[in-house]
Amino acid sequence: MTTSLGSLVLGTPDPPALASFYRELLGWQVVESDPEWVRLRSPEQERPGLSFQREADHMPPVWPQRPGAQQMQAHLDVEVDDLAAETERACGLGATLERHQPQEDVRVLRDPHGHLFCLYLPGA
């Protein structure tokens, strides 16, 4: 039996809009799209991909976490070669920089629909 990770899926009230953000951030391409579901993939490989499914009642997690609040289930780590420039670019695309930053060589941000993701330097 062979297994492999096919895709990470993020819930969002607007899959096409969130997919557009990540398409620009990652330089990936849309390979499936409708109002309920969008899948992106790297130009260099088919899998794993990043998909977005419609969840009208999506609630972003609280950061940093605290008891009784919506907890983060997963986040994306994106390796970059220039942390300051890529943080600025991500914010220009619609991300927001979190106040709480636990490491010097990592930046915690939120995408336009509230999912947390990190930009980090190689070796971090």
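These are legends for close-up views of a predicted model.

**View 1. Helix H1 and its buried side.** Helix H1 takes in residues 15-26. With 12 residues at 1.5 Å a residue, it should span 16 Å, and its end C-alpha atoms do turn out to be 16 Å apart, so the two figures agree. Look for Pro15, Leu18, Ala19, Phe21, Tyr22 and Leu25, the buried residues of H1. They cover an arc of only 155° around the axis, which puts them on the same side of H1. What sits over them? The cover includes strands E1 (7-12), E3 (37-41), E4 (49-54), E5 (76-79) and E8 (116-120), along with helix H2 (83-92). Just after H1 comes Gly27, with a positive phi near 75°.

**View 2. Helix H2, one face in and the other out.** The buried residues here are Leu83, Glu86, Thr87 and Ala90. Seen down the axis of H2, they fall within an arc of 105°, so they line one face of the helix. Swing over to the other side of H2 and you meet Ala84, Glu88 and Gly92, which are exposed. H1, E6, E7 and E8 are among the elements covering the buried residues of H2.

**View 3. Leu10 in strand E1.** Leu10 belongs to strand E1. Is Leu10 buried or exposed? Its relative accessible area is 10%, and buried means under 20%, so Leu10 counts as buried. Setting aside residues up to four places away in sequence, Leu10 touches Tyr22, Leu50, Ser51, Phe52, Gln53, Leu76, Asp111 and His115. Tyr22 in that list is also one of the buried residues of H1. Another residue to pick out is Ala74: it is 64 residues from Leu10 along the chain, while their C-alpha atoms are separated by 9.1 Å.

**View 4. Ser51 in strand E4.** Ser51 lies in strand E4, and its relative accessible area is 0%, so it is buried. Which residues does Ser51 touch, not counting those up to four places away in sequence? Ser7, Leu8, Val9 and Leu10 are among them, and so are Trp37, Val38 and Arg39. Leu10, from the previous view, lists Ser51 among its own contacts too.

**View 5. The largest pocket.** This pocket has a volume of about 280 Å³. Its lining is made up of 17 residues, and those nearest its centre are Leu10, Gly11, His58, Gln73 and His115. E1 supplies the largest share of the lining, with 4 residues. By type, the lining divides into 9 nonpolar, 7 polar and 1 charged.

**View 6. Gln73, picked out from the pocket lining.** Gln73 is in the loop between E4 and E5. Its relative accessibility is 71%, and exposed means over 50%, so Gln73 counts as exposed. Gln73 is also one of the residues nearest the centre of the largest pocket. If you want a distance to check on screen, try Ser33: Gln73 and Ser33 are 40 residues apart in sequence and 24 Å apart in space, C-alpha to C-alpha.

**View 7. The second largest pocket.** How big is the volume of this one? It comes to about 220 Å³. The lining residues are Leu5, Leu8, Leu26, Trp28, Pro48, Gly49, Leu50, Leu76, Asp77, Val78, Glu79 and Tyr120. E4 and E5 are the elements that give two or more residues to this lining, and E5 gives the most, with 4 residues. The lining residues divide into 9 nonpolar, 1 polar and 2 charged.

**View 8. Two cis peptide bonds.** One cis bond joins Arg47 and Pro48, with omega about -5°. Pro48 lies in the loop between E3 and E4, and Pro48 also helps line the second largest pocket. Another cis bond joins Trp63 and Pro64, where omega is about -10°. Pro64 is in the loop between E4 and E5.

**View 9. Glu98, a buried residue in a loop.** Glu98 is found in the loop between strand E6 (96-97) and strand E7 (106-110). With a relative accessible area of 13%, Glu98 falls under the 20% cut-off and is therefore buried. Leaving aside neighbours within four places in sequence, Glu98 is in contact with Trp63, Val108, Leu109, Arg110 and Leu116. Trp63 here is the residue joined to Pro64 by a cis peptide bond.

Notes
Residues numbered from 1 in each chain as written. Predicted model: local features only at pLDDT ≥ 70, side-chain atom pairs only at ≥ 80, totals over all residues. Heavy atoms only, no water. Expected span 1.5 Å × (residues − 1). Buried < 20%, exposed > 50% of the residue type's maximum accessible area, 1.4 Å probe, protein only. Arc of directions from axis to C-beta. Contact = heavy atoms within 4.5 Å. 1 Å grid on protein atoms, 1.4 Å probe; cavity = no way out; pocket = protein on both sides within 12 Å on 5 of 7 lines; lining within 4 Å. Points joined across faces, edges and corners; volume = space filled by probe spheres on them. Nonpolar A, V, L, I, M, F, W, Y, C, P; charged D, E, K, R; others polar.
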